[in-house]
Amino acid sequence: MTGLKMPFQVMSLTDAAVERIQALLASADPDVQGLRVGLKNAGCAGMEYTVDYVRDPDPKDDVVSEKGVTVYVDPKAVLFMLGTQMDYEVTKLRSGFVFNNPNQTGACGCGESVSLQAADLEALAKEQAAQQ
């Protein structure tokens, strides 16, 4: 069901993200199969993360399954999301998903949009080989 075949997972999920995804899916329509993470052009820094319900998975999506939840990654976002950790954060002023992305090169002052560069696949492959 995955589009891009990679020897490593595009994104990881923290326990807080998993708990929030489980809560969202529990209150969603029964035909919702997971969440899709993607990127869109927006904001002063250039890109903004998107999170939407998935009813009909796209066979090209990369699939992240962890701890009983499924997150689909839009194929157009994969190169910008490699190595990202999806978290969920609650502060005094806001709550929401947070993306700890090693490909981020900047962010706007309000934190709504980010600047991203495509992941360095050669460096990722070397890093993975060194860990084995």
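In the predicted model, Glu89 forms a salt bridge with Arg94, with the closest N and O atoms 4.0 Å apart; a salt bridge is taken as a side-chain nitrogen of Lys or Arg within 4 Å of a carboxyl oxygen of Asp or Glu. Both partners are partly exposed, Glu89 with a relative accessible area of 34% and Arg94 with one of 40%. Here buried denotes under 20% relative accessible area, exposed over 50%, and partly exposed the range in between, computed with a 1.4 Å probe on protein chains only. Because the model is predicted, local features were required to have pLDDT of at least 70 and side-chain atom pairs pLDDT 80 or more, whereas totals for chains, interfaces and linings use all residues. Residues are numbered from 1 along each chain as its sequence is written, and side-chain values use heavy atoms, with hydrogens and water left out.

The salt-bridge criterion yields a count of 6. One of these joins the side chains of Asp31 and Arg55, at 3.3 Å from N to O. This pair links distant parts of the chain: Asp31 lies in the loop between α1 (15–26) and β2 (34–42), and Arg55 in the loop between β3 (46–54) and β4 (62–66), 24 residues apart. Helices (H or I, at least four residues) and strands (E, at least two) are DSSP runs numbered from the N terminus. Asp31 is partly exposed at 39% relative accessibility, and Arg55 is likewise partly exposed, at 35%. Asp29, Asp31 and Arg55 are linked in a network of salt bridges.

A further salt bridge connects the side chains of Asp61 and Arg36, at 2.6 Å from N to O. Asp61 is located in the loop between β3 and β4 and Arg36 in strand β2, so that this pair too links distant parts of the chain, 25 residues apart. Asp61 is buried, with a relative accessible area of 1%.

Arg36 and Asp61 also belong to the surroundings of Asp74. Leaving aside neighbours within four places in sequence, Asp74 is in contact (heavy atoms within 4.5 Å) with Arg36, Val37, Gly38 and Asp61. Asp74 is placed in the loop between β5 (69–73) and α2 (78–81). Although buried, Asp74 has no salt bridge, and the nearest side chain of opposite charge, that of Lys76, is 4.1 Å away; Lys and Arg count as positive and Asp and Glu as negative, with His and the chain ends not counted. A polar atom of the Asp74 side chain nevertheless lies 2.8 Å from the backbone nitrogen of Lys76.

Strands β6 (residues 84–90) and β7 (residues 95–100) pair in the antiparallel sense over 6 bridges, pairing being assigned where DSSP finds at least two bridges between two strands. The two strands are joined by a hairpin through 4 residues, and Met86 stands opposite Phe99 in β7. Tyr88 lies in strand β6 and is buried, with a relative accessible area of 19%. The Tyr88 side chain makes a polar contact with the side chain of Ser95 at 3.4 Å. A polar contact is a pair of N or O atoms within 3.5 Å; within protein, one must be able to donate a hydrogen and the other to accept it, and residues adjacent in sequence count only if both atoms are side-chain atoms. Beyond four places in sequence, the contacts of Tyr88 include Thr14, Ala16, Ala17, Arg20 and Phe97. Tyr88 and Ile21 are 67 residues apart in sequence, with their C-alpha atoms 9.1 Å apart in space.

The largest nonpolar core has 24 residues, and those with the most contacts inside it are Met11, Leu13, Ile21, Met81, Met86, Phe97 and Phe99. Such a core is a set of buried Ala, Val, Leu, Ile, Met, Phe, Trp, Tyr and Cys residues joined through side-chain atoms within 4.5 Å. The elements contributing two or more residues to this core are β1 (11–13), α1, β2, β3, β5, α2, β6 and β7, and the largest share, 4 residues, comes from α1. Outside its immediate sequence neighbours within four places, Phe97 is in contact with residues including Ile21, Leu24, Leu35, Val51 and Met86.

Overall, the protein chain contains 3 helices and 9 strands. Of its 132 residues, 39% count as buried. Among contacts between residues at least 6 apart in sequence, 57% join residues at least 24 apart.
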